[in-house]
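Hi,

Here is the structure I said I would pass on. Have a look first, and my notes follow underneath.

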Amino acid sequence: MIVHNLIASIEAKLANLTVEKVTIGLRYTCVVLSDGSCGLAATLDERQCCNNFNWSGPLAGRPALELARGLATADPIASSIGLATVNAVFSEDAPLQEIEPIELLKIDKDDVVGMIGNIAPLARHIAERAKELLIFERNPSQQSENVLPDWAAEWELPRCEAVFITGTAFINKTIDHLLDLCVGRVVIIGPSTPLWPELLGDISFKRIVGLFGVRVCDPELVCQIVSEGGGTHALLKHGVVRAAFAS
């Protein structure tokens with residue numbers, strides 16, 4: 001699984017770090033490490049009560065590698081914390097974003113485009129350019145011809161020339177299968193995206209041409225926003241900047 005490769009690639013660095021702070025918000029989870037680095041990941045909503053989170057004792061002070069390995073578990077909260085820990089390392093030196101994902105994929109009027117997760121502002125721009133936009137949602141809140149349940153990806157993704165996948169797919173472990181279904185160009189987007197350049201151009205992770213995530217500039221402010229239930233818009237206004245790797 002890709003998540004195992006992510007963890008293995010930074011085990012040596014994480015082994016020397018401890019956890020300074022963990023903030024689990026309604027929308028995002030934030031982890032600050034002992035070297036001052038900070039990472040974000042979506043708080044996975046699986047309709048579970050918080051008492052199902054099985055860590056015993058405080059998370060602050062624990063080895064960073066211990067929390068990172070939570071990404072390789074089936075526990076949704078541990079997975080979110082794990083990816084945030086991994087992202088603290090990956091995003092620290094990631095370059096600022098210089099191109100929009102829609103431009104990198106060169107979307108035009110002949111393309112059928114897939115989107116895993118309904119990112120409404122981006123979806124509007126894609127719909128204006130593409131021949132067809134198919135949005136795959138686990139719990140669709142709107143009835144629309146182009147908003148489909150996530151299981152529809154099994155037969156619809158293979159006909160998409162370009163696909164946008166949210167970084168949340170690393171948390172719920174769907175990323176490997178989604179990439180297997182894709183035959184077109186792929187970008188990973190959103191604050192949960194692991195900015196690991198080895199994901200680009202490696203035949204093992206075929207077709208990924210761009211990673212679009214964030215870099216935390218103000219860990220204290222970001223932790224506050226997360227604790228107050230802030231989402232992507234609030235984070236981008238205060239405390240984070242867009243970062244990306246593109247092939």
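Of the 247 residues in the protein chain, 51% are buried (buried means under 20% relative accessible area, exposed over 50%, and partly exposed in between, with a 1.4 Å probe and protein chains only). Before you go further: this is a predicted model, so local features need pLDDT of at least 70 and side-chain atom pairs count only at pLDDT 80 or more, while totals for chains, interfaces and linings use all residues. Residues are numbered from 1 along each chain as its sequence is written, and side-chain values use heavy atoms, with hydrogens and water left out.

On the overall fold, the protein chain has 11 helices and 10 strands (DSSP runs numbered from the N terminus: H or I of at least four residues for helices, E of at least two for strands). Its radius of gyration is 17 Å, which agrees with the value near 18 Å for a compact globule of 247 residues (taken over C-alpha atoms; the rule is 2.2 Å times the number of residues to the power 0.38). Those C-alpha atoms fill a box of roughly 50 × 35 × 35 Å along the principal axes. Among contacts with a separation of 6 or more, 59% are between residues 24 or more positions apart (a contact is heavy atoms within 4.5 Å).

One residue to click on is Phe90, in helix H4 (residues 76-90). Phe90 is buried, at 11% relative accessible area. Leaving out residues up to four places away in sequence, Phe90 touches Leu6, Ser9, Ile10, Pro194, Leu195 and Trp196. The C-alpha atoms of Phe90 and Cys38 are 9.7 Å apart, with their positions 52 residues apart along the chain.

Then the rings: there are two aromatic pairs in the structure (rings of Phe, Tyr and Trp, the last by its six-membered ring, with centres within 6.5 Å; planes under 30 degrees apart are stacked, over 60 edge-to-face, the rest tilted). One of them is Trp151 with Trp155, which counts as tilted because the planes are at 45°, with the centres 5.8 Å apart. Both Trp151 and Trp155 are exposed.

Last, two backbone oddities to check. Lys106 has a phi near 55°, positive without being a glycine; Lys106 sits in the loop between helix H5 (101-104) and strand S4 (112-116) and is exposed at 65% relative accessibility. Lys173, also not a glycine, has a positive phi of about 65°. Lys173 is in the loop between helix H8 (168-171) and helix H9 (175-181), and is partly exposed at 21%.

Cheers
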